[in-house]
Amino acid sequence: MTEYYAHSGRDESRDRSTWHSLSEHSRSVSDLAALFVEDLGPGTESLVVRARWAGLFHDLGKYRLEFQELLDGKRAKSLDTRHAVFGANHAWNTDHGVALAILGHHAGLHDRANAQDKVCKEPPKDVENLVNAHRADLENAGCVFPAPLPTNRPRTPVDHKAEFAIRMLFSCLVDADYLDTERHFTGASRTPRKLDPGALLERLEAFRAGLHNLASPEVAQARDAVYTGCRDGAELNRGFFTLTAPTGSGKT
């Protein structure tokens, strides 16, 4: 097979000229994920590399004949047509964060032990053959195949910085994949919204006032305490904070 697709056409057409090229989708998701990480600010250079790599390999399993037959209506969806585990397996021994992001880009982040079972206990077959097909497909489309990821550095038992980076990497990959897929099916890119913190705070205050007027004095007092605590916490130095409060007190 010389042509690979990420998605079928917008109207379920069998006309492959309307289908979503897998090489194009991989490159677009890679570029978008990297762009989203760059928007996080300075100091994210290594995470940009990981996001670009995750984007290129997130759909590695779609190079399998089984998945292409699914798109073509020749096969029903089943365990044989899964695709995320293949890219995760390829990344696992080099970068657990990238592997976790790829593995969960449809299902959500797995904990490390569960992910390791899925990726390593019964490892998917032919991963290297898929990598070779991916390389050929990208190079045929004029894209430079990426260098291997830097090897993982040792981690402390509880590394909050690494955990946060994985969550941001996952979020950027999911957004990039969703938005590029949406663009294919709608034919248009979504217009980014400008963040206006002041307007959002006004909406929050109005919503809170409405709830406050409907609550009993005791509930209103509890909600005020939670809200005040959160506002006061925002003035503190950066760190990790906990919030313990009863149901109905307005934690969200």
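**Close-up 1. The side chains of aspartate 59 and histidine 58 are joined by a polar contact of 3.2 Å.** In this predicted model, aspartate 59 is placed in the loop that runs between α2 (45–57) and α3 (65–71). Although it belongs to a loop, aspartate 59 counts as buried, because its relative accessibility is 2% and the cut-off for a buried residue is under 20%. When its neighbours within four places in sequence are left aside, aspartate 59 is in contact with Leu22, His25, His83 and His105.

**Close-up 2. Threonine 181 of helix α8 is in contact with His7 and His25, its neighbours within four places in sequence being left aside.** The helix that holds threonine 181, α8, covers residues 160–186. With a relative accessibility of 15%, threonine 181 counts as buried. His25, one of the residues in contact with threonine 181, is also among the residues in contact with aspartate 59, so that this histidine links the present view to the previous one.

**Close-up 3. Threonine 186, which is likewise found in helix α8, has a side chain that reaches the backbone oxygen of glutamate 182 at 2.8 Å.** The side chain of threonine 186 also reaches the backbone oxygen of alanine 188, in this case at 3.1 Å. Is threonine 186 buried or exposed? Threonine 186 counts as exposed, because its relative accessibility is 52% and the cut-off for an exposed residue is over 50%. Between threonine 186 and arginine 64, which are 122 residues apart in sequence, the C-alpha to C-alpha separation in space is 26 Å.

**Close-up 4. Valine 119 is a buried residue, with a relative accessible area of 1%, and lies in helix α6 (residues 112–121).** Its C-alpha atom is separated by 5.3 Å from that of asparagine 89, a residue that is 30 residues apart from valine 119 along the chain. Not counting residues up to four places away in sequence, valine 119 touches Val85, Ala88, Asn89, Trp92, Leu103 and Pro124.

**Close-up 5. Helix α4 (residues 84–92) and α5 have axes that come within 8 Å and cross at roughly 180°.** The angle makes α4 roughly antiparallel to α5, because angles over 145 degrees are counted in that way. On the side of α4, the contact is made by Ala84, Val85, Gly87, Ala88, Ala91 and Trp92, and on the side of α5 by His96, Val98, Ala99, Leu100, Ile102 and Leu103. These residues divide by class into ten nonpolar and two polar, with no charged residues in the contact of α4 with α5. Val85, Ala88, Trp92 and Leu103, which take part here, are also among the residues that valine 119 touches.

**Close-up 6. Helix α2 packs with helix α5 (residues 96–103) at an angle of about 40°, their axes being 10 Å apart.** This angle makes α2 oblique to α5, and α2 passes α5 in a right-handed crossing. The residues that make the contact are Arg50, Trp53, Ala54 and Phe57 of α2, together with Gly97, Val98 and Ile102 of α5. By class, the contact of α2 with α5 has five nonpolar residues, one polar residue and one charged residue. Val98 and Ile102 of α5, which meet α2 here, are also among the α5 residues in the contact with α4.

**Close-up 7. Helix α9 (residues 197–214) and helix α10 (residues 217–233) pack at an angle of about 160°, with a distance of 10 Å between their axes.** The pair is therefore roughly antiparallel, and the crossing in which α9 passes α10 is left-handed. From α9, the residues Leu201, Leu204, Glu205, Arg208, Leu211 and His212 meet Ala220, Arg223, Asp224, Tyr227 and Arg231 in α10. By class, five nonpolar, one polar and five charged residues take part in the contact of α9 with α10.

**Overview. The protein chain, to which the close-ups belong, has a secondary structure of ten helices and two strands.** From the N terminus on, its elements run β-β-α-α-α-α-α-α-α-α-α-α. Taken along the principal axes, the C-alpha atoms fill a box of roughly 70 × 45 × 35 Å. Of the 252 residues of the chain, 36% count as buried. Among contacts with a separation of 6 or more, residues 24 or more positions apart account for 63%.

Definitions and conventions: Residues numbered from 1 in each chain as written. Predicted model: local features only at pLDDT ≥ 70, side-chain atom pairs only at ≥ 80, totals over all residues. Heavy atoms only, no water. Helix = DSSP H or I, 4+ residues; strand = E, 2+ residues; numbered from the N terminus. Buried < 20%, exposed > 50% of the residue type's maximum accessible area, 1.4 Å probe, protein only. Polar contact = N/O pair within 3.5 Å; in protein donor to acceptor, adjacent residues only side chain to side chain. Contact = heavy atoms within 4.5 Å. Axes fitted to C-alpha atoms, helices over the stretch in contact; angles between N-to-C directions. Parallel < 35°, antiparallel > 145°, perpendicular 65-115°, else oblique. Left-handed = near helix turned anticlockwise from the far one by under 90°. Nonpolar A, V, L, I, M, F, W, Y, C, P; charged D, E, K, R; others polar.
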